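Visitor: Before I rely on any label in this model, I would like to hear the grounds for it. Could you take me through them?

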Amino acid sequence: AATGRITVTNTPGGDALINRLVLAGNEWRLVQDYSWTGSGLVSFAALYAEYVQIVPNFFLSYGNLYLDVLLELGLIGFVALATIFGGAFWQVTKALQRSVSRPFPQQGNLYWLRWATCASLVTILVHGLTDDALYGGTGTLLLFYAPAMAVLVSRQRRIQAEVARPWPKWLVWGTAV
């Protein structure tokens, strides 16, 4: 007998959405225990198996980039990641604003590379809400490729007199420290 209700198993992907929400909820409980210090790199599988699933095998599925960083690196690591991506997004949008104010023939390929970099950043940030493909494994370095491209494509041309100035001493010593 049909009740007229749409069950989650009838939606595309079956009950995968429910599984992801349960995983995120359980991971949030772990984050609350390790929010200040972090649990350590690549420790999610062991923690989830020990404290949530209570099975002797590691749980190898990751669910959310932001929760994983918050769990494994703590609040300081999460703020660092947010600063890197926020700064990269800000830089590339400012560079796009400068590009749009110029006539099209002067924009060239760098204009389209800036748009591609902006699209890459948005894709990584949105995809991080549902999956964690670039963190906690061999692909971790690729997580920082888009912010590095944002720095590269957002550079401004400076006149020679500005480049020739020496760095302030406080900046040199602060960087060294």
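Guide: What follows is a set of questions about labels, each answered from a value and a cut-off. The model is a predicted one.

Visitor: What makes up the protein, in terms of helices and strands?

Guide: The protein has seven helices and zero strands. Read from the N terminus, the order of elements is α-α-α-α-α-α-α. Of its 177 residues, 28% are buried. The protein exposes about 12,300 Å², and carbon and sulfur atoms supply 66% of that area.

Visitor: Why is Leu21 called exposed?

Guide: Its relative accessible area is 54%. The label exposed is for values over 50%, so Leu21 with its 54% qualifies. Leu21 lies in helix H1, residues 16–33.

Visitor: What makes the nonpolar surface patch that includes Leu21?

Guide: Ile18, Leu21 and Val22 make the patch, which covers about 260 Å². A residue needs over 30% relative accessible area to belong to a patch, and Leu21 has 54%.

Visitor: Why is Gln32 called partly exposed?

Guide: Gln32 also lies in helix H1, but its relative accessible area is 48%. Partly exposed is the class between under 20% and over 50%, so 48% puts Gln32 there. As for its surroundings, the C-alpha atoms of Gln32 and Gly74 are separated by 9.9 Å, although the two residues are 42 apart along the chain.

Visitor: And Thr140, why is that residue partly exposed?

Guide: Thr140 has 21% relative accessibility. Buried requires under 20%, so at 21% Thr140 is counted as partly exposed. Thr140 is found in the loop between H4 and H5. Setting aside residues up to four places away in sequence, Thr140 touches Leu134 and Tyr135.

Visitor: Why is Ser99 called buried?

Guide: Ser99, in helix H3, has a relative accessibility of 3%. The cut-off for buried is under 20%, so Ser99 at 3% meets it. Ser99 and Ser154 are 55 residues apart in sequence, while their C-alpha atoms are 9.8 Å apart.

Visitor: Which residues touch the most other members of the largest nonpolar core?

Guide: The core has 17 residues, and Leu65, Phe85, Val92, Leu121 and Leu143 touch the most other members. Two or more residues come from each of helix H3 (65–100), helix H4 (104–127) and helix H5 (145–153). H3 gives the most, with eight residues. There is also a second, separate core of nine residues, among them Leu30, Val31, Phe44 and Leu71.

Visitor: What is Phe85 in contact with, leaving aside its neighbours within four places in sequence?

Guide: Phe85 is in contact with Leu121, Ile124, Leu125, Leu143 and Pro147. For the protein as a whole, take the contacts between residues at least 6 apart in sequence: 68% of them join residues at least 24 apart.

Visitor: Which residues of H5 are buried?

Guide: In H5 the buried residues are Ala146, Pro147, Met149, Ala150 and Val153.

Visitor: How do you know that they are on the same side of H5?

Guide: Around the axis they cover an arc of only 160 degrees, and this puts them on the same side of H5. Tyr145 and Leu152 are exposed on the other side of H5.

Conventions. Residues numbered from 1 in each chain as written. Predicted model: local features only at pLDDT ≥ 70, side-chain atom pairs only at ≥ 80, totals over all residues. Heavy atoms only, no water. Patch = residues over 30% accessible without salt bridge, like charges linked within 9 Å, V, L, I, M, F, W, Y side chains within 5 Å. Areas by Shrake-Rupley, 256 points an atom, 1.4 Å probe, with all protein chains shown as cover. Salt bridge = Lys/Arg side-chain N within 4 Å of Asp/Glu carboxyl O. Helix = DSSP H or I, 4+ residues; strand = E, 2+ residues; numbered from the N terminus. Buried < 20%, exposed > 50% of the residue type's maximum accessible area, 1.4 Å probe, protein only. Core = buried A, V, L, I, M, F, W, Y, C linked by side-chain atoms within 4.5 Å. Contact = heavy atoms within 4.5 Å. Arc of directions from axis to C-beta.
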